[in-house]
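Biologist: I should like a close look at a single part of this molecule, namely the way its helices pack against one another. Please take the matter step by step and keep the account connected.

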Amino acid sequence: MTVTEPQETYDDGEQADDLNRAIGKQVKVLRERAGLTQKELGDRLGYSEDLVSSLERGRRTPQREFLEAADELMDAGGLLTATIEDVEKAKAKARVRHPAWFRDYARLEASAVEINFFSTLAPPGLL
């Protein structure tokens with residue numbers, strides 16, 4: 001694969017990741033203050049334990065519905081609902097919709113000029 005150096009940066013996606021981690025930490029602190037486990041919080045809000053875990057670690061972007069329901073359930077006093085506007089702006093600003101670990105590959109693929117492929121068993125492309 002022949003590529004050129006990418007000309008643009010993707011700081012917006014990285015800032016969105018930072019925002020997700022910050023909100024995730026808030027959710028975790030509020031959940032622990034309420035005396036709930038991830039499973040209990042998920043069950044009460046109608047989400048899975050895995051989703052709550054991913055949100056707390058900043059791996060998933062929190063949705064408006066989750067933030068509103070979690071704020072009300074854990075009596076956060078508007079702490080989580082105040083972040084909704086920032087989350088929506090970050091989602092709209094992010095130019096790349098890929099996870100952080102995949103962004104470098106996506107940039108390389110976008111700037112690729114050719115692909116070199118060799119196989120002794122299968123012809124490349126459509127026949």
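Modeller: What follows is an account of the helix packing, taken contact by contact.

The model is predicted. The contact of helix α2 (residues 38-45) with helix α3 (residues 49-56) is a convenient place to begin: their axes come within 8 Å and cross at roughly 110°. An angle from 65 to 115 degrees counts as roughly perpendicular, and α2 and α3 are therefore roughly perpendicular to each other. The crossing of this pair, α2 and α3, is right-handed. On the α2 side the residues involved are Q38, K39, L41 and G42, and they meet E49, V52, S53 and E56 of α3. Sorted by class, this contact of α2 with α3 holds 2 nonpolar, 3 polar and 3 charged residues.

Helix α3 itself is mostly covered, with 6 of its 8 residues buried. The buried residues are L51, V52, S53, S54, L55 and E56. Of these buried residues, V52, S53 and E56 also take part in the contact with α2. After α3 comes G58, which has a positive phi near 80°.

Helix α2 has a further partner in α4. The axes of α2 and α4 come within 10 Å, and the crossing angle is roughly 110°. By the criterion already applied, α2 and α4 are therefore roughly perpendicular to each other. Their crossing is right-handed. Here L41, R44 and L45 of α2 meet F66, A69, A70 and L73 of α4. In terms of class, the contact of α2 with α4 comprises 6 nonpolar residues, no polar residues and 1 charged residue. L41 is thus a residue that α2 presents to α3 and also to α4.

The nonpolar core joins these contacts into one picture. The largest nonpolar core has 17 residues, and those touching the most other members are V27, L41, F66, L67, A70, M74 and L80. Two or more residues of this core come from each of α1 (11-33), α2, α3, α4 (64-73) and α5. L41, F66 and A70, listed among those core residues, are also part of the contact between α2 and α4. V27 can be followed further: apart from neighbours within four places in sequence, V27 is in contact with L41, E56, F66, M74 and L80. E56, one of the residues that V27 touches, is buried in α3.

The remaining helix pair is α4 with α5 (residues 84-93). These two helices pack at an angle of about 165°, and their axes are 10 Å apart. Angles over 145 degrees count as roughly antiparallel, and α4 and α5 are therefore roughly antiparallel to each other. The crossing of α4 and α5 is right-handed. R64, L67 and E68 of α4 make the contact with I84, V87 and E88 of α5. By class, the contact of α4 with α5 has 3 nonpolar, no polar and 3 charged residues.

The loop between α4 and α5 contains both D75 and T83. The phi of D75 is near 50°, a positive value in a residue other than glycine. Most residues other than glycine have a negative phi. At 62% relative accessibility, D75 counts as exposed, because the cut-off for that class is over 50%. T83, by contrast, has 11% relative accessibility and therefore counts as buried, the limit being under 20%. Leaving out residues up to four places away in sequence, T83 touches I23, Q26 and L67. L67 is also one of the α4 residues in the contact with α5.

Helix α5 also brings parts of the chain that are distant in sequence together with A16. K91, placed in helix α5, has its C-alpha atom 7.1 Å from that of A16, although 75 residues separate them along the chain. K91 counts as partly exposed, at 30% relative accessibility. K89 lies in helix α5 as well, and its C-alpha is 9.2 Å from that of A16, with their positions 73 residues apart in sequence. At 48% relative accessibility, K89 counts as partly exposed.

Technical notes:
Residues numbered from 1 in each chain as written. Predicted model: local features only at pLDDT ≥ 70, side-chain atom pairs only at ≥ 80, totals over all residues. Heavy atoms only, no water. Axes fitted to C-alpha atoms, helices over the stretch in contact; angles between N-to-C directions. Helix = DSSP H or I, 4+ residues; strand = E, 2+ residues; numbered from the N terminus. Parallel < 35°, antiparallel > 145°, perpendicular 65-115°, else oblique. Left-handed = near helix turned anticlockwise from the far one by under 90°. Contact = heavy atoms within 4.5 Å. Nonpolar A, V, L, I, M, F, W, Y, C, P; charged D, E, K, R; others polar. Buried < 20%, exposed > 50% of the residue type's maximum accessible area, 1.4 Å probe, protein only. Core = buried A, V, L, I, M, F, W, Y, C linked by side-chain atoms within 4.5 Å.
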